[in-house]
Amino acid sequence: MIPYGKQTINQSDIDSVVKVLKSDFLTQGPMVPLFECAIAEKVDVNHAVAVNSATSALHLACLALNVGKGDVVWTSPITFVASANCALYCGASVDFIDIDPKTFNICHIKLEKKLQEAELEGKIPKVIIPVHMCGTSCDMEVIYQLSKRFGFHIVEDASHAIGGYYQGNPIGSCKYSDITIFSFHPVKIITTAEGGMAVTACSDLAEKMILLRNHGITRDTEQMTHESDGPWYYQQISLGFNYRMTDIQAALGLSQLGRLDEFVEDRNKLATRYKVMLDSLPVSPQYILKNNYSSFHLYVIRIELNKTDLTYREIFERLRVKGIGVNVHYIPIHTQPFYKMKGFKKGDFPSAEAYYENAISLPIFHYMSQEQQNKVVKTLQDILD
């Protein structure tokens, strides 16, 4: 089976992890700060906060922006459920902006219209979470200008997108957002096994997230309510969580980060090759805006079902039977049973629902060979012919 994605681990990664395993600190040691500094430098931002998952990072981002009961957070319906769940963790409610059928990202035209309607109702969202689907940035400058006009915060869900660029700036520079989130799950661009990162240009937001990832506990005497009792002393000054990343994970991430550009360059070569080879087939790949350099965490195509006698499910299952590990990213969040119980229903976001009816993620990963890619395309061609 050719998987849709997988990690790439080399001897340097293994040596880095083993070195930490033989050291005095498996957690709360020197590797996490080193990894944070390296990420911050890589994406040209001031602060990076490492955590145990991108889900945790999204939660902390919402908390740092004071999302709470009575607030509303908007995101894309085509994303993993964590992009929406993070708001619910804070007691807020969630709504969605339908996608652009070509870019698979939120449609800024639909966003502006929804904001105009929300303004009339006095229900402007506290935070909007644009999702950089497949590693391709949303049109962040447009969303940022809307935030200035309507007054909302922006958290970029860049779980797919580390190593990508928008308008020549690294995704994560936070030029057009308050906070950006990365994921280091094994199928992502670089991995820490499990893990995530929140980056921001704002020191206050960084301090809040650092505090909240560690139970709300501080050893900083300047944050304490009274003079320290001694060198052992700490205070819990907020209700926080154990969202820490281990030094083992950070060592793996730091080693992987050194090959980030190589990984992204190879994924772009694969994506370019896919586009050429798929040109004669009844499929449509993701449209990439001219000001974008995608990291291509995923390579999603939409099947033109009106040009084949097969159903979507038949195509998917035949690919799997032939050893092509395709997947679907994603099931629209608003159609999940949990969200239906909150009042969402089929028909609410038609572009997202239409996407779900014909979108398939083809295999793409570092070290994917031309022979494997040829097999993917030949198999798809044979099925569709």
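**A seven-stranded sheet and its two cores**

The sheet here is open and has 7 strands in the order S2-S10-S9-S6-S5-S3-S4, with mixed pairing. Strands pair when DSSP finds at least two bridges between them, and both helices (H or I, at least four residues) and strands (E, at least two) are DSSP runs numbered from the N terminus. Strand S2 (47-51) and strand S4 (93-96) sit at the edges with a single partner strand each, so one side of each has no neighbour in the sheet. From one strand to the next, the twist averages 20°; axes are lines fitted to C-alpha atoms, for helices over the stretch in contact, and angles run from 0 to 180 degrees between N-to-C directions.

All of this comes from a predicted model, in which local features need pLDDT of at least 70, side-chain atom pairs count only at pLDDT 80 or more, and totals for chains, interfaces and linings use all residues. Residues are numbered from 1 along each chain as its sequence is written, and side-chain values use heavy atoms, leaving out hydrogens and water.

Within the sheet, strand S5 (residues 127-129) and strand S6 (residues 153-157) run parallel and are joined by 2 bridges. Val127 has His153 as its bridge partner in S6. Two helices lie over this part of the sheet. Helix H4 (residues 82-89) lies across S3 (72-75), S4, S5 and S6, at about 150° to S4, while helix H5 (residues 108-121) lies across S3, S4 and S5, at about 165° to S3.

What about the packing? A nonpolar core is a set of buried Ala, Val, Leu, Ile, Met, Phe, Trp, Tyr and Cys residues joined through side-chain atoms within 4.5 Å, where buried means under 20% relative accessible area, exposed over 50%, and partly exposed in between (1.4 Å probe, protein chains only). The largest such core has 48 residues, and those with the most contacts inside it include Phe96, Ile129, Val155 and Tyr355. Helix H3 (54-64) and strand S9 (179-183) are among the elements that each supply at least two of its residues, and H3 gives the largest share, 7 residues. Apart from this core lies another, of 45 residues, among them Ile97, Leu146, Phe182 and Val264.

Beyond its neighbours within four places in sequence, Ile129 is in contact (heavy atoms within 4.5 Å) with residues including Leu58, Cys62, Cys86 and Val155. Cys62 is buried at 1% relative accessibility, and Cys86 is buried at 0%. The sulfur of Cys62 has its closest cysteine sulfur in Cys86, 3.8 Å away, too far for a bond. With a disulfide taken as a pair of cysteine sulfur atoms within 2.5 Å, the count comes to 0 disulfides.
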